[in-house]
Amino acid sequence: MAYRQSFYQFLMTLRNPDSNEDIAAFANNAQFDSTFPRHEQDYEKLSEYLEENAAYLPSMTIFDEAYQDYKDKMQY
C-alpha cells in the first residue's frame, strides 16, 4: 500500500502568509497549533478536534473544503 500523507502534511502545503484565502489562513494558524493531530487522516477525528480546540478556524466549512481537496489529492 502506498504511503498516504496526513491531513496536516497536506495542509502545510497550503500555507501562504501573504494570502487572504481562508484555507491559507487555516494552514498558517494550524502550523502554530502545538496540539494539532499531525498524523491524523480521519475526517471525524480531525473535525472533532477542530470544533473543540481551533478558535482560529472561523468556520468548519473551511476545514470541509480543505479536507475535500485532501481526499481528492489522496484519491480515496
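## Getting oriented

Helices (H or I, at least four residues) and strands (E, at least two) are DSSP runs, numbered from the N terminus. With that in hand, Ile23 can be placed in helix H2. This is a predicted model, in which local features need pLDDT of at least 70 and side-chain atom pairs count only at pLDDT 80 or more, while totals for chains, interfaces and linings use all residues. Residues are numbered from 1 along each chain as its sequence is written, and side-chain values use heavy atoms, with hydrogens and water left out.

## The nonpolar core

Let's begin inside. A nonpolar core is a set of buried Ala, Val, Leu, Ile, Met, Phe, Trp, Tyr and Cys residues joined through side-chain atoms within 4.5 Å. Buried means under 20% relative accessible area, exposed over 50%, and partly exposed in between (1.4 Å probe, protein chains only).

The largest nonpolar core has 21 residues, and those touching the most other members are Phe7, Leu11, Phe26, Phe36, Leu50, Leu57 and Phe63. At least two residues of this core come from each of helix H1 (7-12), H2, H3 and H4. H4 gives the most, with six residues. In soluble globular proteins, nonpolar side chains tend to be buried together.

## Two buried residues

Ile23 in helix H2 has a relative accessible area of 18%, so it counts as buried. Its C-alpha atom is 6.6 Å from that of Ala66, although 43 residues separate the two along the chain.

Ser6 sits in the segment before H1. Ser6 is buried because its relative accessible area is 4%. Along the chain, Ser6 and Glu40 are 34 residues apart, yet 5.6 Å separates their C-alpha atoms.

## Two loop residues

Now for the loops. Arg15 lies in the loop between H1 and H2, and its relative accessibility of 39% makes it partly exposed. From Arg15 to Gln68 the C-alpha distance is 17 Å, with their positions 53 residues apart in sequence.

His39 belongs to the loop between H2 and H3. His39 has 75% relative accessibility, so it counts as exposed. The C-alpha atoms of His39 and Thr61 are 21 Å apart, and the two are 22 residues apart along the chain.

## A negative patch on the surface

On the surface, a patch of negative charge brings together residues including Glu21, Asp22, Asp42, Glu44 and Asp72. Such patches are made of residues with over 30% relative accessible area and no salt bridge (a side-chain nitrogen of Lys or Arg within 4 Å of a carboxyl oxygen of Asp or Glu), with like charges joined within 9 Å. Helix H3 (43-53) and helix H4 (60-74) each supply at least two residues of the patch. Asp22 is placed in helix H2 (residues 22-31).

Conventions
Patch = residues over 30% accessible without salt bridge, like charges linked within 9 Å, V, L, I, M, F, W, Y side chains within 5 Å. Areas by Shrake-Rupley, 256 points an atom, 1.4 Å probe, with all protein chains shown as cover. Lys, Arg positive; Asp, Glu negative; His and termini not counted. Charge placed at Lys NZ, Arg CZ, Asp CG, Glu CD.
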